[in-house]
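The following paragraphs guide a new reader through one protein chain. The discussion begins with a single residue and widens from there.

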Amino acid sequence: DMVDVSNHNGYMTVANFKDMRDNYGVKSVVTKISEGSYYSDYTAANNIATAQAAGLYINGYHFARYSNVSEAIAEADYAGQLAKSDGLPIGAVLVTDVEAQQQNNLSQAQNDTNNKAFMNEIQKYGYRSDIYTMSSWVGNKLSINKNGWIASYPYNAAGKNWYSGNSAW
C-alpha cells in the first residue's frame with residue numbers, strides 16, 4: 001500500500017497518484033529527496049505536492065553514501081534541509097536508504113553507529129527516521145529493529161505477507 005518514486009519515474013501527477021490510490025489501494029508514497037551530500041532529487045517537491053493533493057500520506061528517503069559518523073551527520077543535515085525546502089511535512093518519515101558500496105565495506109557495528117548518527121540528526125529537523133535496506137543485509141551488514149523497510153518489489157503484491165514485522169517491504 002506504499003509506492004516508492006524518484007527522478008527515475010519523472011514528475012508524478014495528481015492523476016497518477018489517484019489512479020494508484022483508487023485502483024491499487026496505495027495509501028502512501030515515499031519519494032527520493034537526496035543522495036550523499038551532492039544530489040537533490042529534482043522531482044521531490046512536485047512528487048510531495050501531487051501525492052498530498054491526491055490524498056496520500058507522503059514520506060521521503062535519502063540514499064546514503066556515508067561511511068563514518070561525521071559523513072552521516074553531514075548527509076542528514078543535507079537531507080533535512082532539502083526535505084524542508086521541498087515541502088516534506090514535519091512529522092513525516094525521512095528514511096535512510098543503506099545499501100551502497102560504501103556501507104558494504106563496513107562492519108555491522110560501524111554501519112549501526114553511522115545509521116544511528118544519521119537518524120538522530122534527522123530528528124532535529126522534525127522528521128521521524130527509519131532504515132531501508134535489502135534483506136540480505138539485515139543482521140549481517142546492519143541491524144534493524146521491528147521497524148525498517150526491507151527491499152522487496154513484486155509486480156503484484158496481492159496475498160503476500162512478506163516482512164510483516166517491519167514497517168514496510
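In this predicted model, glutamate 35 counts as buried, because its relative accessibility is 12%. The side chain of glutamate 35 forms a salt bridge with that of lysine 32, with 2.7 Å from N to O. Lysine 32 is likewise classed as buried, because its relative accessibility is 7%. Salt bridges with shared partners link Lys32, Glu35 and Arg65 into one network. In general, side chains of opposite charge can pair when their charged atoms come close.

How many salt bridges does the structure hold? There are four. One of them joins aspartate 22 to arginine 21, again with 2.7 Å from N to O. Aspartate 22 counts as exposed, because its relative accessibility is 51%, whereas arginine 21 is partly exposed, with a relative accessible area of 30%. Another salt bridge connects lysine 124 and glutamate 121, at 3.0 Å from N to O. Here lysine 124 is exposed, with 64% relative accessibility, while glutamate 121 is buried, with 12%.

These residues can now be placed in the overall arrangement. The chain has 169 residues, of which 45% count as buried. Its secondary structure consists of five helices and seven strands, which succeed one another along the sequence in the pattern β-α-β-β-α-β-α-β-α-α-β-β. Of the contacts between residues at least 6 apart in sequence, 71% connect residues at least 24 apart.

Strand β4, which spans residues 57–63, is a useful point of reference. Six of the seven residues of β4 are buried, so that the strand is mostly covered, buried meaning under 20% relative accessible area. β4 pairs with β2 in the parallel sense over seven bridges. Lysine 32, already met in the salt-bridge network, stands opposite tyrosine 61 of β4. β4 also runs parallel to strand β5 (residues 93–97), to which four bridges join it. Within this pairing, glycine 60 has leucine 94 in β5 as its bridge partner. Between β4 and β5 the chain passes through α3, and this β-α-β crossover is right-handed.

Attention turns next to the interior. In soluble globular proteins, nonpolar side chains tend to be buried together. The largest nonpolar core of this model contains 33 residues, and the members that touch the most others are Phe17, Val29, Ile33, Leu88, Leu94, Phe118 and Tyr127. Two or more residues of this core come from each of β1 (2–5), α1 (14–24), β2 (28–35), α2 (44–53), α3 (69–86) and α5 (108–123). Helix α3 gives the most, with five residues. A second, separate core has five residues, among them Val30, Val93, Val95 and Tyr132.

Isoleucine 33 illustrates how a member of the largest core meets other parts of the chain. Beyond its neighbours within four places in sequence, the contacts of isoleucine 33 include Tyr39, Ala44, Ile48, Gly60, Tyr61, Ala79, Leu82 and Leu94. Asp86 is also in contact with isoleucine 33.

Where is aspartate 86 found? Its place is in helix α3. Aspartate 86 is buried yet takes part in no salt bridge; the nearest side chain of opposite charge, that of lysine 32, is 12 Å away. When residues up to four places away in sequence are set aside, aspartate 86 touches Ile33, Ala44, Ala45 and Ile48.

Alanine 76 offers a further view of α3, the helix in which it lies. Is alanine 76 buried or exposed? Alanine 76 is buried, because its relative accessible area is 0%. Apart from neighbours within four places in sequence, alanine 76 is in contact with Phe118, Glu121, Ile122 and Tyr125. Of these contacts, Phe118 is also one of the members of the largest core that touch the most others, and Glu121 is the residue whose side chain meets that of lysine 124 in a salt bridge. The C-alpha atoms of alanine 76 and lysine 124 are separated by 9.5 Å, although the two residues are 48 apart along the chain.

Definitions and conventions. Residues numbered from 1 in each chain as written. Predicted model: local features only at pLDDT ≥ 70, side-chain atom pairs only at ≥ 80, totals over all residues. Heavy atoms only, no water. Core = buried A, V, L, I, M, F, W, Y, C linked by side-chain atoms within 4.5 Å. Buried < 20%, exposed > 50% of the residue type's maximum accessible area, 1.4 Å probe, protein only. Contact = heavy atoms within 4.5 Å. Lys, Arg positive; Asp, Glu negative; His and termini not counted. Pairing = 2+ DSSP bridges. Right-handed = clockwise from strand over helix to strand, strands pointing away.
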